[in-house]
Amino acid sequence: MKEFREAGLREEIIDAISEMGFVKPTPIQDKTISHLLASDRDLIGLAQTGTGKTAAFGLPIIQRIDPKSRDTQALVLCPTRELCMQITKDFNSYSKYLPKISVAAVYGGASIDNQIRALKKGVHIVVGTPGRVLDLINRHCLMIDAISFLVLDEADEMLNMGFKEDLDTILSSAKSERQTMLFSATMPREIAQIAKNYMNDPEEISAGQKNAGAENVQHHYYLVHARDRYLALKRIADVNPDIYGIIFCRTREETQEVADKLIADGYNADALHGNLSQAQRDLVMNRFRTGHLQLLVATDVAARGIDVNNLSHIINYNLPDDPDIYLHRSGRTGRAGRSGISISVVHMKEKSKLRMIEQRSKIRFEQKKVPGGINICEMQLFNLVDRVVNVEVNKVQIERFLPYIYDKLGDIDRDTLIQKFISLEFNRFLEYYKDAPDLNQNAQTAGKSTEREKGRGGSGRESFIPARSGKQGSFSRFFINAGSRDGLDKPAMIKLIATHLRNRDIEIGKVDLLKNFSFFEIESSHDRETLKAFSDAEFKGRPLNVELTDKKPFEKPPEKKKFKRK
Ligand code: AMP
């Protein structure tokens, strides 16, 4: 892969993007930047969101703008207000060391007068949603007869949102000797038609497979009875205490309903949909972007402008009818080199939709079991312990309360004290998931679940038992080159294993913790997955080695397994 400098970018731009943390071009940038700097030929870029496509078209445009002219030289069309603002912000960052290049964002739902005032001052680049751009053209406030660059960003989304006619009008009124760039995650027939009608012999650049989902996204589904959908959702949230994700619903009403229930049940969640005012939406988006909100319950349209790179999960509370929409949803995780999980909660009748998405999008769904009470309690407990270990103590603030605290707690022995503190928060999970039933649709106990979890009694089967070694079934035994000398105790070891496995449904059996190494058991059907999960794993900067073994704890590990500790 080329460096940015080799692609022909100016030093001022390279300095600016270095400050943004761009070291190497992403694949779409690698292919696009040199093309756009060297050629006037139109371009179609097949790229998902999160692949760095804004810089792919933005950096060459910034470089080719003439700051001395007052003409609008570039028009970027994109589907949402949020994306407009994001692109504008990015363009301003790319050009911060260049002579002033002015960029204006124009979108619906905001005062048109302010936007007209901005345009009157003369702007080099306009970034806008099609409806508002057309409105401004019709009012003669935006002249696009001098534009040299026209970008259609997230073209498929613009079509999905019903902007086809507006696009046709804008494209046919722009100057014909322009360079047109079209970016889209998918290439449905309608996009090919736009390319045919308004582009001139475009070069086609693809950053990955056509119509393919992001590679580092795993696609999981849970099969539950329709009435247990919400309960399954809660379990997904509970077994992933650090979840940071979007829950997609089909309608505004369902979005609000799910969000309301989650809030009432004590989750850090909120709703985002079109029935909210712009101010309310901005507030929710801001809280979500800054990480103050863990779960955003949203409709597809409302979630479109969200540009967050580190989402851990996407949850399809309901599957969309259109496979392309599924891809857009799942493409919101697994961005900027991170991995992510897209979960779909489905019932039996929806299985055909999964097959359709698989065929159309060339992805594979893996069925997962809805986590049981045991898994959830365990993950919550480990998370709680981690939080206690990592919490910072504000000695100055706490000092004046200490005499009272010591007076109250001083006589309680250490073990009891630890147990009491942990129980304070953990008890509600224990209580809630005590006798929690199996929600999986093919499970015998399903059907009684709703009653039990609503707290109306019922006959759930799964009782909370802290140790799993008694579970029936076949387990394989693994050696791992980490032990108590690495500061691990049993819960920490189980957490370490679970974190690497990522698959919460895999049963971890007995763990034998020794000084320099340990052994653990995993359901035999997951041998390969376990070995793969640890293939490049590290712990405290040291490579982890995990092997299948039949050795007992008192036996030494294989001779070759000696590792230097730091
Ligand atoms: P985009 O697909 O344009 O929405 O970009 C996704 C994210 O990747 C944005 O947060 C960018 O700031 C970031 N990004 C884009 N290009 C690079 C790069 N070359 N190196 C590191 N991060 C990048």
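Colleague: Which residues are buried in α6?

Modeller: Pro 130, Arg 132, Val 133, Leu 134, Leu 136 and Ile 137. Buried means under 20% relative accessible area, exposed over 50%, and partly exposed in between, with a 1.4 Å probe and protein chains only. Helices (H or I, at least four residues) and strands (E, at least two) are DSSP runs, numbered from the N terminus. Bear in mind this is a predicted model, where local features need pLDDT of at least 70, side-chain atom pairs count only at pLDDT 80 or more, and totals for chains, interfaces and linings use all residues. Residues are numbered from 1 along each chain as its sequence is written, and side-chain values use heavy atoms, leaving out hydrogens and water.

Colleague: What do the buried residues of α6 pack against?

Modeller: Their partners include β2 (74–77), β3 (103–106) and α8 (164–173), with contact meaning heavy atoms within 4.5 Å.

Colleague: Why is His 140 called exposed?

Modeller: Its relative accessibility is 63%, and the cut-off for exposed is over 50%, so His 140 counts as exposed. His 140 sits in the loop between α6 (130–138) and β5 (149–152).

Colleague: What is the phi of His 140, just after α6?

Modeller: Positive, about 60°, although His 140 is not a glycine. Most residues other than glycine have a negative phi.

Colleague: How do you know that Lys 540 is exposed?

Modeller: Lys 540 has a relative accessible area of 58%, so with exposed set at over 50%, Lys 540 qualifies. Lys 540 also has a positive phi, about 50°, and lies in the loop between β18 (538–539) and β19 (542–543).

Colleague: What makes Phe 401 partly exposed?

Modeller: Its relative accessible area is 43%, and partly exposed covers what lies between the buried and exposed cut-offs, so the label fits Phe 401.
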